[in-house]
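Student: I have a structure open and would like to go through it with you. Can we start with the protein–DNA contacts?

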Protein chains: 2
Amino acid sequence: MRYPASETAEKHTRILNEAARLFRERGFSGVSVSEIMKATGLTHGPFYNHFTSKEALMAESLTHTSTTSLADLEASGQSPQAMLAYIDTYLSTDHRDAPGDGCLMAALASEVRHEPAVRGCFTTHLKAAIDKLTAHFPWPSKRRARADSIRLLSSMVGALILARAVDDEALSDEILKEVRSGLR
Amino acid sequence: MRYPASETAEKHTRILNEAARLFRERGFSGVSVSEIMKATGLTHGPFYNHFTSKEALMAESLTHTSTTSLADLEASGQSPQAMLAYIDTYLSTDHRDAPGDGCLMAALASEVRHEPAVRGCFTTHLKAAIDKLTAHFPWPSKRRARADSIRLLSSMVGALILARAVDDEALSDEILKEVRSGLR
DNA sequence: TGTACATCAGTGAACGCGCGTTCACTGATGTAC
DNA sequence: TGTACATCAGTGAACGCGCGTTCACTGATGTAC
C-alpha cells in the first residue's frame, strides 16, 4: 500500500543509522540486508526502493557515519586538556565495548581492504579525520602537527582493534591503559 | 584410492600453509574451504579427513602461523639497529602489499572479534608477541619495556591496517613513513 | 467539498547462487599368509 | 617372494541453508475533476 510521503526520507535515514550501527558491530559481511531491514522494523523487500545494492548501502552508510563522527571531534574543546580527554574517551573500555556507536576506522578498516566499493569513502573519511585532528588540537609544533596526528591515529586505532580482538579482559585493559599513558 | 601414508602429514601441512596465506590475504570469510583445497591441488572432499570444520582450520592455521612468524622476530638481532630494521621492515610497502606472508595481527585482528572459535588462539599469539618483543629488544628502561612493547605493537598494527585500507597510495605511503619516523 | 482513480512503498513468496558439509564410491597401497 | 584382501585418502555429486536480489500483488495516500 502507499505510505505518507513524509515517512520515506525518514525511513531512508533509519536504514542508514541501523546499517551504520550493525556494520560497526559485526562487520559488513556479518550483517545481512534482511537483518538491517528487520532492525528498522520493515521486511527486506523495500530495501531496493532505497538502495541499489548492499554495496551501495555500505558506501552510503560509511559516508553517513563519517559526517556524524567527525562532528563529535569538532564539538570537543581545543585545549590540551580537551585533547587528553578525547584520547581517554577513545581508549576507554566503554568505547571498546560499544563498537556500534564508535570509531568507524577501528571497526571497519580491515574489512574495507576487501571491499572495493567502500575504499574510496573510507579514504575520504580518513583524510578528513587527519585534517580535523591536525587543525583542531594544540600540537606543540605546527610543522609536525600532521605527522603527529597520523601517529596518534595509528596508535589509537591499533590499540582499540587489539583490545577488542583479545579474549582476556586483563590484557585488553592493559593495552588501553598503556597506550593511553604513552600518549600523555 | 589409497595414497602413500607419508604424504598425509605433508598434505595436512600444505593445507595449513595455504589457509594461513589465503586467510591473511582475504580474511576468514573471504576464503572458502573449496578455494583452500584447490590451492593445495585437491578437491574439497578430503578437507574433512584433515579438519573437523572450517572453524577448526581457522584456529589451527592461526596457531600454525603464530609459531612461524614469531620465529622471524627471534631470528633478528638484538641491537638497537636490528630493532629499527625490524620496525622498518614491518612498516614497509613490501609488507603492506603482501599481507599473505605478513603479520597475522594486522591481517586478522578485526575479524577475530567476530569469530569466537579463534579468539583464544589470537590472544595466545598476541601475548607471545608482546613477551618476545619485550625480552628481545634493547629497551631503554627494563621496567617500562612491556608497556613500550604494547605501544610499539599498537602503532605498527594500526598504521599497517590503515595503510592497507586506503585507496590512495600517497596517503598510504605517508602513514607508513610518518609512523616509522615517529618510532625512531 | 465529494468522488474516482493513479500512484508507489511495503509485503512476502520465490529465484539462483555459493557456501559448509556429507557420503557412496574408487582403486593404489600396505598387510597377512 | 608372490598372491588375496582390507584399508582409507581422494573423488565428485548431492544436501540444506542463508544470502542478495526480484517481482506480482496490496491498499492507503495523494491528485484530478
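Student: Which helices of chain A each supply at least two residues of the surface near DNA strand C?

Tutor: This is a predicted model. In chain A, helix H1 (5-26) and helix H3 (47-50) each give at least two residues to the surface near DNA strand C.

Student: Which residues come nearest to DNA strand C?

Tutor: Met1(A), Lys11(A), Met1(B), Arg2(B) and Tyr48(B), out of 23 residues around DNA strand C. Of the atoms of DNA strand C that come within 4 Å of the protein, sugar and phosphate account for 58%.

Student: OK, phosphates then. How far is Lys11(A) from a phosphate oxygen of DNA strand C?

Tutor: A polar atom in the side chain of Lys11(A) is 2.9 Å from a phosphate oxygen of that strand. Lys54(B) also places a polar side-chain atom by a phosphate oxygen of DNA strand C, at 2.8 Å.

Student: And Val33(B), backbone or side chain?

Tutor: Backbone: a polar backbone atom of Val33(B) lies 2.9 Å from a phosphate oxygen of DNA strand C.

Student: What does the surface near DNA strand C have by class?

Tutor: There are 10 nonpolar, nine polar and four charged residues.

Student: Switching to DNA strand D. Which residues are closest there?

Tutor: Met1(A), Arg2(A), Tyr48(A), Met1(B) and Lys11(B) are the closest of the 23 residues that surround DNA strand D. Sugar or phosphate makes up 56% of the atoms of DNA strand D within 4 Å of the protein, and bases make up the rest.

Student: What does Val33(A) do with a phosphate oxygen of DNA strand D?

Tutor: A backbone N or O atom of Val33(A) lies 2.9 Å from a phosphate oxygen of DNA strand D. From chain B, an N or O atom in the side chain of Thr43(B) is 2.8 Å from a phosphate oxygen of this strand. For the side chain of His50(B), the corresponding distance is 3.4 Å.

Student: Which elements give two or more residues to the surface near DNA strand D?

Tutor: Helix H1 (5-26) and helix H3 (47-50) of chain B. By class, that surface has 10 nonpolar, nine polar and four charged residues.

Student: New topic. What rotation superposes chain A on chain B?

Tutor: A rotation of 180°, with 0.0 Å of shift along its axis and an RMSD of 0.0 Å. The two copies are therefore related as by a two-fold rotation axis.

Student: Why do the copies meet through the same surface?

Tutor: Because 100% of the interface residues of chain A are interface residues in chain B as well.

Conventions. Residues numbered from 1 in each chain as written. Chains lettered and ligands numbered in written order. Predicted model: local features only at pLDDT ≥ 70, side-chain atom pairs only at ≥ 80, totals over all residues. Heavy atoms only, no water. Near = heavy atom within 4 Å. Polar contact = N/O pair within 3.5 Å; in protein donor to acceptor, adjacent residues only side chain to side chain. Helix = DSSP H or I, 4+ residues; strand = E, 2+ residues; numbered from the N terminus. Nonpolar A, V, L, I, M, F, W, Y, C, P; charged D, E, K, R; others polar. Least-squares fit on C-alpha atoms with pLDDT ≥ 70 in both. Contact = heavy atoms within 4.5 Å.
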